[in-house]
Amino acid sequence: MYSSLAIVALSAQPPGVNELCVCVSHQRLVRTSYAIQSRSTGIPASTLWRRANNRPSVADKAANQQYLTPQEEQALVEYVLRLADNGYPLPVKFLRSLALIIVRQRSSNFQITDPSLKVRPPGKNWPQGFYRRHPQLKARRLRAIDWKRDGRHIEDKVRHWFDIIGRELADPSILLENVYNMDETGVLLSVLNSLKVLVGRDDLRKHRGTTVKRTLVTAIECISADGRFLHPLIIWPAATHRSSWTTHPTPGWHFACTKTGYTNTEISLYWVEHVFDPQTRDRAGGRPRLLICDGFGTHESLEVMKFCFTNRIILCRLPSHTSHKLQPCDVGVFSPLKTAYRAQVEQACRAGVSTIGKPHFTYLYDRARKEAFTPRNIRSAWSRSGLFPFDPSRVLRECQAFRSEIQTTIPVEPPTVSYNICHTPNTSDNFVLLRSEVEQDTQNLDGVCKRRLQTLSRATEKVFAERALLLEENRILFEQNNEKTCRQSSGLTVVGHAKVMSYEDIVEAQKKRDITVTEQATRKKRSKAGGKLLSRSEEKRKAEQEIQAWDMNDYCLVLDL
């Protein structure tokens, strides 16, 4: 999983300057001293004098020295917030390129830039100063995740899951100690991450020597709601098992081998029969056991469902693409397990082990399990998944968190005189109101100045119209892109719903198995007949011909049953 530093939106209010503008206007209309105005308003007299004499304020002077003007920065802020609201937060490293595009556009026609135009790019620290100047923005490191696992797409599945599992957990015959969760996890033998280390001040090395072994070993783990964990089943990526791989004593562990190192139907059935059932049967005492697993196909084979139904094991399937939120093993156990395993590998390398291989795995993995599979971590995993204690809002809050964090629409107050005097108009209506006030204040100007003001007004109206068209075009493109992505990623059949396996599911699976066996037998018979399926009379005639050819008429007879 790669992470990216992106900009997300927070709520903030723009700083008000109405009071200072009113004071300056009052000073011009009523001749009072700056000291009196300062005592009544709390604004320094020097600030009032500079503003009355058209001297730039400290903020305006700093704005003139910035790479973008305040209006351009505000437009960029709105663009960033709009991207975040559509689900595509802007990476911080792209801010400099967008600022350069805005500067290039100053002397170019609409959406047409001159490639020969040389413009100074912003400095390397400009993005940090940009989002610090605008408190409605915040830099945050986000992990990349499949769109199918995004909170907006799985919220309905999560609600359906808690409806299903809530009815099962409400059964008084199902005790806390008889609720389990199983899942597979892959462990790389020896792949270490970067670490902050201590070296000599003159040491210029940028790397550290270590072993890299990308062999993936699969472990099937199971935890209970009362803080216990069962013995694992280790799957080696090999065709045969070697005795040197299990020299470290691990009583109760089970081992299997596949060419790919992943589980299959036979291994899943073996795990239920020889790992899960023996370790949980006596504690259950005849009560039903609830086993939560994901929707992987090997967990729901016909043999597994028959065994679970016979032994009062209730299989509960998680909805698709929700295991990172709903499965206790993924939520709170596997991450500290792999962190502890990497720490064990680091310690082994420092001790002089040149290559971490399969003979080292059981020793290192056993120590990592003892460190990570603590009752506190296991109970925390069940709590974070919203099961014990039963609290669906614990998960639903995370699915809905982005809606409360992102706020791209800022309420605009009705335009007033003081608003237009002190603020730049951000809508076409506000600009029309400001233009009418300017025309009233400039009645004594000559015809040339009035024509220039009219030209400026028409240009501004055109820019607002082009901006509105661009915003609408971007909205349509975003909607089409999201609809296309969702349509192409969805399959033709509805799969992956939360479900509790019942006897009817076993009957349905048996029917599908019988149909598959019948089709396979039919294909074999058709291939033997040269691709042609013979009728009953043709099969009888062919059998009589074969008996006669072998001169077995006295011993064989074809019966028509």
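Hi everyone. Before we start, a strand here is a DSSP run of E with at least two residues, and strands are numbered from the N terminus. With that in hand, please keep in mind that we are looking at a predicted model.

Let's begin with one residue, T185, which sits in strand 4. Is T185 buried or exposed? T185 has a relative accessible area of 5%, and buried means under 20%, so T185 counts as buried. Its side chain makes a polar contact with the side chain of K338, at 3.3 Å. Beyond its neighbours within four places in sequence, T185 also touches other residues, including V217, T218, A219, F334 and Y365.

Now let's step back to the sheet. Strand 4 belongs to an open sheet of 7 strands, in the order 7-6-5-4-8-9-10, with mixed pairing. Strand 7 (254-258) and strand 10 (499-500) are at the edges with a single partner strand each, so one side of each has no neighbour in the sheet. Further in, strand 5 (residues 213-224) and strand 6 (residues 233-237) run antiparallel and are joined by 3 bridges. In one of these pairings, I220 has L233 of strand 6 as its bridge partner. Helix 14 (residues 375-384) packs on this sheet, where it touches strand 4, strand 5 and strand 8, and its direction makes about 80° with that of strand 5.

Last stop, a pair of helices. Helix 5 (residues 70-85) packs against helix 7 (residues 126-133) at about 85°, with the axes 11 Å apart. The two are therefore roughly perpendicular. Helix 5 brings E73, L76 and V77 to the contact, while helix 7 brings W126, F130 and R133. By class, that gives 4 nonpolar, 2 charged and no polar residues. Thanks for listening!

Key:
Residues numbered from 1 in each chain as written. Predicted model: local features only at pLDDT ≥ 70, side-chain atom pairs only at ≥ 80, totals over all residues. Heavy atoms only, no water. Pairing = 2+ DSSP bridges. Helix = DSSP H or I, 4+ residues; strand = E, 2+ residues; numbered from the N terminus. Contact = heavy atoms within 4.5 Å. Axes fitted to C-alpha atoms, helices over the stretch in contact; angles between N-to-C directions. Buried < 20%, exposed > 50% of the residue type's maximum accessible area, 1.4 Å probe, protein only. Polar contact = N/O pair within 3.5 Å; in protein donor to acceptor, adjacent residues only side chain to side chain. Parallel < 35°, antiparallel > 145°, perpendicular 65-115°, else oblique. Nonpolar A, V, L, I, M, F, W, Y, C, P; charged D, E, K, R; others polar.
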